[in-house]
Amino acid sequence: MKILDLFCGCGGLSLGFQKAGYEITGAYDAWQPAIDTYNANMSHEASLFDLSDVDGFLQAIKDQHFDMIIGGPPCQDFSSAGHRKERDRANLTRSYAEIISSTKPLYFVMENVARTRNSKAYHVARQMFVDAGYGLTEMVLDSSFCGVPQIRKRFFCIGALDEKDNFMKDILLDAMGDKRMTVRDYFGKKLGVDHYYRHPRNYNRRGVFSVDEPSMTIRGVNRPVPGGYKGHHGDTAPIDENLRPLTTQERSQIQTFPKNFKWLGSKTDAEQMIGNAVPVNLGKFVASCITEFENMRVQKDKVA
Ligand SMILES: C[S@@+](CC[C@H](N)C(=O)[O-])C[C@H]1O[C@@H](n2cnc3c(N)ncnc32)[C@H](O)[C@@H]1O
């Protein structure tokens, strides 16, 4: 199946689908460092495009054949990391829905932060998907049950033309692991530390974590241990000179990017791309479940 990835960023979601055997034929984002990083790592090309220009985009892809659109419109407006108030960027969720309902691929996948589900923008988009004839499987997936050593909960809306709602729910539930993946499960001894620092949003929260638990959500910023951090009763180790935050490379690997993935742009850009990305293995997990569903669907059609 041929896929377009919208709001592709550095390519976490693309890479996951590619690993599951799909072919990405087009990828689009409006941020140059993300496009540069994507293109430095993939054999197909991503293009710079402002997807708020829906008509322009539909014109640009009018001769392309594709079976699926995947993508995560920017999430700042829904994210607990940003302001909760929905602003203009939420309109990009609508742009995504307009592109889906105008082109009607066989499948689409929309990924976002968990709270998206209750947003006004999502309700508008959802109705557009339904009106266009899609059955929807809507689920919040915790990455740590999907092959990623990180508690990162993300909402997925997976649409299939002319299917019933929840068409893939059981496949997703069955595919999940029965226990969370820890950092040590993923890295083995390679990390070389048993505990690490992750800057808390405020000092009521802990900052020291053990590799024997999944990482908390990898965010778009990474800070050294500040002098002001005096420890927290939930810390898994005391603050001492050996304690360090994870490096950019380690954080990228917790997002399950391969070790040889190249990050272009500034260090701040790289951290932002890493924090924005869908973990590669989470993308692969969803993609493999779609394959399983599609195989069942083809089989059923043969029998009928
Ligand atoms: C959540 S990130 C996507 C992450 C990506 N799916 C991945 O797995 O790496 C959202 C992306 O939307 C892009 N974006 C923001 N506004 C945009 C616009 N108007 N047109 C196209 N892309 C835009 C951002 O640059 C960012 O890379």
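The following exercises, each with a worked solution, concern a predicted model.

Residues are numbered from 1 along each chain as its sequence is written. Because the model is predicted, local features need pLDDT of at least 70 and side-chain atom pairs count only at pLDDT 80 or more, while totals for chains, interfaces and linings use all residues.

**Exercise 1. The ligand shell**

Task: State which residues come nearest to the ligand, and how the shell divides by class.

Solution.
- Step 1. A residue is near a molecule or strand if its C-beta atom, placed from the backbone, lies within 6 Å of it.
- Step 2. There are 21 residues around the ligand, and G9, G12, A30, W31 and A277 come nearest.
- Step 3. For the classes, Ala, Val, Leu, Ile, Met, Phe, Trp, Tyr, Cys and Pro count as nonpolar, Asp, Glu, Lys and Arg as charged, and the others, Gly among them, as polar.
- Step 4. The shell then holds 13 nonpolar, six polar and two charged residues.

**Exercise 2. The length and setting of α10**

Task: Compare the expected span of helix α10 with the distance between its end C-alpha atoms, and identify what its buried residues pack against.

Solution.
- Step 1. Helices (H or I, at least four residues) and strands (E, at least two) are DSSP runs, numbered from the N terminus.
- Step 2. The expected span of a helix is 1.5 Å times one less than its number of residues.
- Step 3. Helix α10 (residues 280–303) has 24 residues and should therefore span 34 Å; its end C-alpha atoms are 35 Å apart, which agrees.
- Step 4. A residue is buried if 20 or more other C-beta atoms lie within 10 Å of its own, exposed if 12 or fewer, and partly exposed in between, with C-beta atoms placed from the backbone.
- Step 5. The buried residues of α10 are V280, N281, L282, G283, K284, F285, V286, A287, S288, C289, I290 and F293.
- Step 6. Two residues are in contact if their C-beta atoms, placed from the backbone, lie within 7 Å.
- Step 7. The buried residues of α10 pack against α1 (12–19), β5 (107–113), β6 (134–142), β7 (153–161) and α6 (169–175).

**Exercise 3. The enclosure of α1**

Task: Determine how many residues of α1 are buried and what covers them.

Solution.
- Step 1. Seven of the eight residues of α1 are buried, so this helix is largely enclosed by the rest of the structure.
- Step 2. These buried residues are G12, L13, S14, L15, G16, F17 and Q18.
- Step 3. Their cover includes β1, β2 (23–29), β4 (68–71), β5 and α10.
- Step 4. After α1 comes G21, with a positive phi near 105°.

**Exercise 4. The packing of α4 and α5**

Task: Describe how helices α4 and α5 pack, and name the residues that meet.

Solution.
- Step 1. Two packed helices are described by the angle between their axes and the distance between the axes.
- Step 2. Axes are lines fitted to C-alpha atoms, for helices over the stretch in contact, and angles run from 0 to 180 degrees between N-to-C directions.
- Step 3. Helix α4 (residues 91–103) and helix α5 (residues 120–131) have axes 9 Å apart, at an angle of about 5°. That makes α4 roughly parallel to α5, as angles under 35 degrees count as roughly parallel, over 145 as roughly antiparallel, 65 to 115 as roughly perpendicular and the rest as oblique.
- Step 4. From α4, residues T93, R94, Y96, A97, I100 and S101 meet A121, Y122, V124, A125, M128, F129 and D131 of α5. By class, this contact has nine nonpolar, two polar and two charged residues.

**Exercise 5. Positive phi outside glycine**

Task: Locate F7 and T256, and decide whether each is buried or exposed.

Solution.
- Step 1. F7 lies in the loop between β1 (2–6) and α1; its phi is near 55°, a positive value in a residue other than glycine.
- Step 2. F7 is buried, because 27 other C-beta atoms lie within 10 Å.
- Step 3. T256 lies in the loop between α8 (248–254) and α9 (267–276); its phi is positive, about 60°, although T256 is not a glycine.
- Step 4. T256 is buried, because 27 other C-beta atoms lie within 10 Å.

**Exercise 6. The surroundings of R180**

Task: Place R180 in the chain and list its contacts.

Solution.
- Step 1. R180 is in the loop between α6 and α7 (183–187).
- Step 2. R180 counts as partly exposed because it has 16 C-beta neighbours inside 10 Å.
- Step 3. Not counting residues up to four places away in sequence, R180 touches S144, F145 and P214.
- Step 4. R180 and C146 are 34 residues apart in sequence and, C-alpha to C-alpha, 8.3 Å apart in space.
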